[in-house]
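I opened a fresh page to note what I looked up, one entry at a time. The sequence and structure go here first.

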Amino acid sequence: MKRERVEFGENPCLTRIEEKCKRCGNCVKTCESIHNMGDSCIRCGQCILTCPFGAIVPKYDYQKVLNYLNDTDYTVIVSIAPASRVSLIEELKTNNSDPTKHLVGVLRKLGFDYVYDIACGADVTTIEESMELIERIKEHKFPLMTSCCPSWKKYAKETGLDKYVSSTKSPIKMQGYMIKNYLSKYIDYGDKVINVILMPCVSKKEEILDSSDIDIVITTRELLYMIDEAKIDLNNITESDFDSLAGSASSAGIIFGTSGGVLESVIRTTYYLMNNKKLDSSNINKCLDNNNFYEECVYDLGKVKLNTCKVCGMKNVQKLDLSKYHLIEVMACPGGCINGGGQVLVPNNKLDEIRNKRSQDLVNIDIKSSFKNSYESKEVSDLYKYDIGMPGSGNANKKLHN
Ligand code: SF4
Ligand code: SF4
Ligand code: SF4
């Protein structure tokens, strides 16, 4: 029987406003065209972006954050994802010379006590996933499939593909671990700490349910509601830097926000760990075409040639010939997190253009950066030095893997 709309069942990520739904069937078309999974919902939120009547919305948690910000007993920490960063910069339309500093200033004005960059957690994910890839190369056990996207992981679990998925924690869980278990030994956050993650993703609201390191996930759009409710004067913002210790990240961590970015980042570090030198600049950024939701790429790592592929949407996962690849990046949303269901809404006829622009904004940060590799991060090397020990060690497995 033809479905007239998608059903979400009980879930902590998204909901429908019944009185707004006109049963137009657009959400079914969106879901089938990207995922082809029948009635199953993996919480990607793509139907939020395309519902013509605004009837599908994320489950909102921003009011809880505002309450904690108003309670001086609490230290409230926020870490911001690169994909949210470019979406917010585009929306806040600042004339300030450094839009990221303006955005960090806005977060401080809202009352956050510490502002960190999730790309720092992404650098840790890169190191551990690269160690896993090197192990897989030694054992000839392929493919390794990435673990950052909880919607993809949900699908993998439902279809038995989870045996290929990396055990490495996602960037938000790395960030959560660092803040609650490592930085808290060196920074006096006080007894009452709320750790907030600002994401383009609705699925992350479910991902954190098994973690005591992260308290609340809010979406990019929820931050705009907070700015509105708190009546922040955007013309009167003091520019600010991220806080140190989890506020500086490589541009490899930043491109996690666009599809192909995790793959690229892991390849750069794997090459370095295997050859003790940087990947040649002619060999980088080969798999970052944001219009291509199924892209293959071969990397020569010296001792081994790796066949890789990046795919977006479960429909493309269904087309994969797993025996062809060593490393596969999977993201549920077309184009990756820059096009997540929690991003700022744009008209349907502008979705491709804006997705491309946000992707290009992240790639441009990487192109201009002189700090392009996760293994160059001082934050990350300090984490290993003072807390974890060696990458890929037993302690790393215990603390940084699922
Ligand atoms: S796209 Fe929106 S309005 Fe149309 S059926 Fe789905 S939820 Fe209802
Ligand atoms: S959230 Fe994603 S998986 Fe769920 S119904 Fe919407 S498009 Fe389909
Ligand atoms: S691709 Fe990114 S935004 Fe989309 S569901 Fe996965 S993690 Fe969330």
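How do the residues of the lining of the second largest cavity divide into nonpolar, polar and charged? I looked it up: nine are nonpolar, six are polar and four are charged. One note to self before going on: this is a predicted model.

**Entry 1: the second largest cavity**

I checked the volume next, and the second largest cavity holds about 130 Å³ of space. I found 19 residues lining it, and the closest to its centre are Phe8, Cys31, Cys41, Cys44 and Cys47. Helix H1 (26-34) and helix H2 (46-50) each supply at least two residues of that lining.

Then I asked which ligand sits in the second largest cavity. It's ligand 2. I listed what surrounds ligand 2, and the list includes Phe8, Cys31, Cys41, Cys44 and Cys47. Val6, Leu14, His35 and Met37 are also among the residues around ligand 2. By class, I counted nine nonpolar, two polar and one charged in the shell around ligand 2.

**Entry 2: the largest cavity**

I wanted to know how many cavities of 30 Å³ or more a search of the whole structure finds. The search gives four. The largest cavity has about 270 Å³ of space. Its lining has 27 residues, with Cys148, Met199, Lys204, Phe256 and Cys337 closest to the centre.

I sorted that lining by class and got 20 nonpolar, six polar and one charged. Three helices each give at least two residues to the lining of the largest cavity: H4 (82-92), H7 (150-159) and H8 (171-182).

Ligand 3 sits in the largest cavity. Around ligand 3 I noted Cys149, Pro150, Ser151, Cys201 and Lys204, among others. Further along the chain, Met331, Ala332, Cys333, Cys337 and Gly340 also surround ligand 3. The shell around ligand 3 comes out as seven nonpolar, two polar and one charged by class. Lys204 and Cys337 turned up twice in my notes: they surround ligand 3, and they are among the residues closest to the centre of the largest cavity.

**Entry 3: ligand 1**

I looked up ligand 1 as well. I found 14 residues surrounding ligand 1, and the closest are Cys21, Lys22, Cys24, Cys27 and Cys51. The shell around ligand 1 has seven nonpolar, two polar and five charged residues.

**Entry 4: strand E6**

Is strand E6 (residues 193-199) largely enclosed or open? Seven of its seven residues are buried, so E6 is largely enclosed by the rest of the structure. I checked the two sides separately. Val193, Asn195, Ile197 and Met199 are buried on one side, and Ile194, Val196 and Leu198 are buried on the other. That fits a rule I jotted down: in a regular strand the side chains alternate between the two faces of the sheet. Met199 had already come up, since it is one of the residues closest to the centre of the largest cavity.

I then looked for the partners of E6. Strand E3 (residues 75-80) pairs with E6 in the parallel sense over six bridges, and Val76 stands opposite Ile194. Four bridges join E6 to strand E7 (residues 216-219), and these two run parallel. There, Val196 stands opposite Ile216.

**Entry 5: a four-strand sheet**

I traced an open sheet of four strands in the order E5-E10-E9-E8, with mixed pairing. Its edge strands are E5 (144-145) and E8 (294-300), and each pairs on one side only. E8 and strand E9 (residues 305-312) run antiparallel, joined by seven bridges. I also picked out one pair: the bridge partner of Asp300 is Lys305 in E9.

**Entry 6: the pockets**

I finished with the open spaces. The largest pocket has about 490 Å³ of space. It is lined by 18 residues, and Pro150, Lys153, Lys154, Lys157 and Asp210 are closest to its centre. Which element gives the most to the lining of the largest pocket? H7 does, with six residues. By class I got four nonpolar, five polar and nine charged for the lining of the largest pocket.

The second largest pocket has a volume of about 330 Å³. I found 16 residues lining it, and Arg85, Ile89, Asp98, Thr100 and Ile365 lie nearest its centre. H4, helix H5 (99-110) and helix H14 (351-368) each supply at least two residues of that lining. Its residues divide into six nonpolar, three polar and seven charged.

Methods: Residues are numbered from 1 along each chain as its sequence is written. Chains are lettered from A and ligands numbered from 1 in the order in which they are written. This is a predicted model: local features need pLDDT of at least 70, side-chain atom pairs count only at pLDDT 80 or more; totals for chains, interfaces and linings use all residues. Side-chain values use heavy atoms; hydrogens and water are left out. On a 1 Å grid over the protein atoms alone, a cavity is a set of points where a 1.4 Å probe fits but cannot get out, and a pocket is an open set with protein on both sides within 12 Å along at least five of seven lines; lining residues have an atom within 4 Å of a point. Grid points are joined across faces, edges and corners, and a volume is the space filled by probe spheres set on the points. Ala, Val, Leu, Ile, Met, Phe, Trp, Tyr, Cys and Pro count as nonpolar, Asp, Glu, Lys and Arg as charged, and the others, Gly among them, as polar. Two strands pair if DSSP finds at least two bridges between them. A residue is near a molecule or strand if one of its heavy atoms lies within 4 Å of it. A molecule sits in a cavity or pocket if more than half of its atoms lie within 2 Å of its grid points. Buried means under 20% relative accessible area, exposed over 50%, partly exposed in between (1.4 Å probe, protein chains only).
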